[in-house]
Amino acid sequence: MKTATTEVQKFTSYQIQLLICIAGLLFTMVLDFMLLPAISAMVMPALDLSTSQFGYVVSAYSISAGTSALIFSTFADRFERKKLLMFIYTGFLIGILGSALAQGFWVLIAARVFTGIFGGVVAAICYAMVSEMFSLQQRGRAMGSLHVAFALCQVLGLPAAVFIASHYQWQMAYFIILSVGLLFYILSLFIMKPISGHLNEQDNVSSKLRGIVTTPSYWYVFANNVTLVIADVLFMTFASVFYVKNQLISEDDLAIVFGASGIATILLSPLIGKLADKTSHFKVFAIGTGIAAIMVVTISQLHEAGIIWVLICNTLLFAGIAARMICSGALGLEIPKSTDRGSFMTFDSALQLICAGVAATAAGWIVFQNADGKMLNYPVLSIIVVLLMGITLFFTLKISRNATSSATHHQSKDSSNNLS
């Protein structure tokens, strides 16, 4: 017979409905974030954008989203959750509509900035609702369920959107996101109940964030995560154009490439996590970094390789990236105190978004297209990316040692408490 402490608490019907609504909202947000670089091969010629202009378009969302998340984190808890989420998501959908209707560079920039201002806050509000509507014993399963949204986005959403963009106008992909978003907006409007309990338990969030920023040991994690994101964004912002123009795969094949990478990531991620837990997070991170670095150099050196080589190399690259993200995430969460984790993750996420925007702009400065549309300077870009990957090895090693020390300290403390 199970004790009260080990008994699994089943989800209520309302909790299941709430998770479906939140997963749908997150699905549209993640798909919007991933879509533009994936359809760069269609957008750039359609709007006659240079690489630097497209870099600005991609960075517009990330920088505005990161800045917005940082600002909203200081006063978001002062509002009832459902009303705030509906207001923020309305702004997000208006931004998606603007992206779908954009016919020029400046209009698209404005639409992406507007989308980022609201989209950067959606996930934070959703996760806050989960933390308040699910007990600690339910929260792991709830978060695992929400990650289905990310998995579906990578395996189904993104390839489907790329396929639609390649067969019709690229704006059609945004109209699809808008349609799905409206569906889940209406469901959320009728299903979600107001959440206002937090209004009676206000903390000084600004003071908390200042404490996070001024803790030296936290900056190893921030620096590592920022470097990880910059390396990934630098290489992937123009990957679609590079695959189509330099490797001579068709726009239709892009859906296959991204779909295969997504499936591989989903299948390998649990195995990578188990291997890291059994052996060493740093060792698995280092192996993943080696694989990713080799693929970055290999891809940049390929010339008219075709679909098979691109499929293999891109899938291995995503596998290496997955190993890096899983291991660095597991180690990084051990560094902050439990009372700091919420604010720590908010600041870390905002910092990553802003730096991702800067990286997309930098990518547009480094690479450029010649008269026939081929991307030039990708080997130079690959060297920069590999150097950044090497820097993350230093940061992750430092974090690993700090995390081991922190875990040992907690175990010693627990043992002392048990003895007393």
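**Figure 1. Contacts across the whole chain.** Among contacts in the protein chain with a separation of 6 or more, 85% join residues 24 or more positions apart. The model shown here, and in every view that follows, is predicted. Its protein chain holds 15 helices and 2 strands. Of the 420 residues, 51% count as buried. The chain exposes about 19,300 Å², and carbon and sulfur atoms supply 68% of that area.

**Figure 2. A salt bridge between helix 1 and helix 5.** Here we zoom in on Asp32 and Arg112, which form a salt bridge with their closest N and O atoms 2.9 Å apart. Asp32 belongs to helix 1 (residues 13–38) and Arg112 to helix 5 (residues 105–133), so the pair ties together parts that are 80 residues apart in sequence. Are these two partners buried or exposed? Both Asp32 and Arg112 are buried. If you would like to look for others, the count for the model comes to 1 salt bridge.

**Figure 3. Helix 9 and the surroundings of Thr227.** Helix 9 runs over residues 218–236, which makes 19 residues. From its first C-alpha to its last it reaches 27 Å, close to the 27 Å expected at 1.5 Å a residue. Most of this helix is covered, with 15 of its 19 residues buried. Thr227 is a good place to pause: it sits in helix 9 and counts as buried because its relative accessible area is 9%, where the limit is under 20%. Which residues does Thr227 touch, leaving aside those up to four places away in sequence? They are Leu388, Ile391, Thr392 and Phe395.

**Figure 4. A nonpolar surface patch on helices 12 and 13.** Ile287, Ile291, Ile308, Ile312 and Leu316 make a nonpolar surface patch of about 450 Å². Helix 12 (281–301) and helix 13 (307–332) each supply at least two of the patch residues. Which helix gives the most to the patch? That is helix 13, with 3 residues. A general point helps when reading this view: an α-helix has 3.6 residues a turn, so residues three or four places apart point the same way. Leu316 is found in helix 13, and its relative accessibility of 37% makes it partly exposed.

**Figure 5. Gly290 of helix 12 and Val386.** Staying with helix 12, this view picks out Gly290, which has its place in that helix. Gly290 is partly exposed, with a relative accessible area of 31%. Its partner in the picture is Val386, 96 residues apart from Gly290 along the chain. How far apart are the C-alpha atoms of Gly290 and Val386? The separation is 9.2 Å.

**Figure 6. Cysteines without a disulfide.** How many disulfides does a search of the whole structure find? The search finds 0. Cys126 shows why: the closest cysteine sulfur, in Cys21, is 9.9 Å from the sulfur of Cys126, too far for a bond, since a disulfide needs the two sulfur atoms within 2.5 Å. Cys126 is buried, with a relative accessible area of 0%. Cys313 is also worth a look, and this residue is buried with a relative accessible area of 2%.

Conventions
Residues numbered from 1 in each chain as written. Predicted model: local features only at pLDDT ≥ 70, side-chain atom pairs only at ≥ 80, totals over all residues. Heavy atoms only, no water. Buried < 20%, exposed > 50% of the residue type's maximum accessible area, 1.4 Å probe, protein only. Patch = residues over 30% accessible without salt bridge, like charges linked within 9 Å, V, L, I, M, F, W, Y side chains within 5 Å. Areas by Shrake-Rupley, 256 points an atom, 1.4 Å probe, with all protein chains shown as cover. Salt bridge = Lys/Arg side-chain N within 4 Å of Asp/Glu carboxyl O. Helix = DSSP H or I, 4+ residues; strand = E, 2+ residues; numbered from the N terminus. Expected span 1.5 Å × (residues − 1). Contact = heavy atoms within 4.5 Å.
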